[in-house]
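Student: I should like a close look at a single part of this model, followed by an account of the empty spaces in the structure. Please treat the chosen residue and its surroundings first, and then turn to the cavity and the pockets.

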Amino acid sequence: MFVPAGLHPVRAERHQLDQIARAGADLFEIGLAHHDAGLDGPVIQAAYHRALNRGHVLTRALRAVEHAAGLRPTVVMTYWDPVSRYGPEHLARLLAEAGAVGAMVVDLPDDQAERWQAAAQDANLSTPRLVPRHLTDTGLATVTAGASGWLYAPASTAPTGYRGPLDFPALADFTTRLRTASPLPVVSGVGISAPALAERVAPLVDAVVIGTPVVRTLMTAPERAPATTAAFAQALNPYATTETRA
């Protein structure tokens, strides 16, 4: 389950995380708000802007990670700009101290990958990688070589929040390429906008990531977030793993 940190006051956020965990989320992905979230659609961008307007972004994110990590394994989703600003080594250490088991930099530049992976390894964080579907076999080998934890295979090539049809054969072919290139588990998200789509994606991958549908409820009707989570969790049964970001 993907939850942007700092969207609500601390007490409310902790209550929401508790409820989402009970509703069926097996893993939390906590989003570190960023002003230029280019891979995300309007819902997650709006959530990030709300969090940024609340201020104390990193502090709020670390508090969210600390609470989430007491409920479920927790990773952090971020863009490279905040990592660069806070310092890879410093940020990796802070995330690990808060209880995160990994951190995924969705737009990690190739020329910074080695530094980030070394910093994360020193902090005992895994480094999942988002893998664009268009990569050549050479590019795929480069990206997967430095990844740990899992590989993230978007179900759609659109930004997060996409609500159109999914190309299941293309996703199946891509996951086959990933499994040929790496032994790491493959997870999928982005565009998995309804429980029925999650059910169809699940057999193709090792885990399904849900985000925008839950973020939308957290933005507009937070009390509905557990029910939204439960609907996806039930659709994924017996595949079992519900994470978030879509």
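Tutor: The model is predicted, and the part chosen here is Ser 182, which sits in the loop that joins helix H8 (168-181) to strand S7 (186-188). Ser 182 has a relative accessibility of 6%, and it therefore counts as buried, since the cut-off for that class is under 20%. Apart from neighbours within four places in sequence, the residues in contact with Ser 182 are Thr 144 and Leu 151. Thr 144 lies 38 residues from Ser 182 along the sequence, yet their C-alpha atoms are 6.4 Å apart in space. Within its own loop region, Ser 182 also makes a polar contact: its side chain reaches the backbone nitrogen of Leu 184 at 3.1 Å.

The empty spaces come next. Rolling a probe the size of a water molecule over the atoms reveals where space has been left unfilled. One cavity of 30 Å³ or more is present in the structure, and the largest cavity holds about 40 Å³ of space. Ten residues line this cavity, and those closest to its centre are Gly 161, Tyr 162, Ser 193, Thr 212 and Pro 213. By class, the lining of the largest cavity comprises four nonpolar, four polar and two charged residues.

Turning to the pockets, the largest encloses about 270 Å³. Its lining is made up of 14 residues, and Leu 39, Leu 130, Pro 154, Thr 157 and Ala 158 are the ones nearest the centre. Eight residues of that lining are nonpolar, four are polar and two are charged.

The second largest pocket has a volume of about 150 Å³. Of the 13 residues that line this pocket, Asp 110, Arg 129, Pro 132, Leu 135 and Val 143 lie nearest its centre. Strand S5 (129-130) and helix H7 (137-145) are the elements that give two or more residues to this lining, and H7 gives the most, with three residues. The lining of the second largest pocket divides into seven nonpolar, three polar and three charged residues.

To return to the part requested, Ser 182 is a buried loop residue. Its contacts include Thr 144 and Leu 151, and its side chain lies 3.1 Å from the backbone nitrogen of Leu 184.

Key: Residues are numbered from 1 along each chain as its sequence is written. This is a predicted model: local features need pLDDT of at least 70, side-chain atom pairs count only at pLDDT 80 or more; totals for chains, interfaces and linings use all residues. Side-chain values use heavy atoms; hydrogens and water are left out. On a 1 Å grid over the protein atoms alone, a cavity is a set of points where a 1.4 Å probe fits but cannot get out, and a pocket is an open set with protein on both sides within 12 Å along at least five of seven lines; lining residues have an atom within 4 Å of a point. Grid points are joined across faces, edges and corners, and a volume is the space filled by probe spheres set on the points. Ala, Val, Leu, Ile, Met, Phe, Trp, Tyr, Cys and Pro count as nonpolar, Asp, Glu, Lys and Arg as charged, and the others, Gly among them, as polar. Helices (H or I, at least four residues) and strands (E, at least two) are DSSP runs, numbered from the N terminus. Buried means under 20% relative accessible area, exposed over 50%, partly exposed in between (1.4 Å probe, protein chains only). Contact means heavy atoms within 4.5 Å. A polar contact is a pair of N or O atoms within 3.5 Å; within protein, one must be able to donate a hydrogen and the other to accept it, and residues adjacent in sequence count only if both atoms are side-chain atoms.
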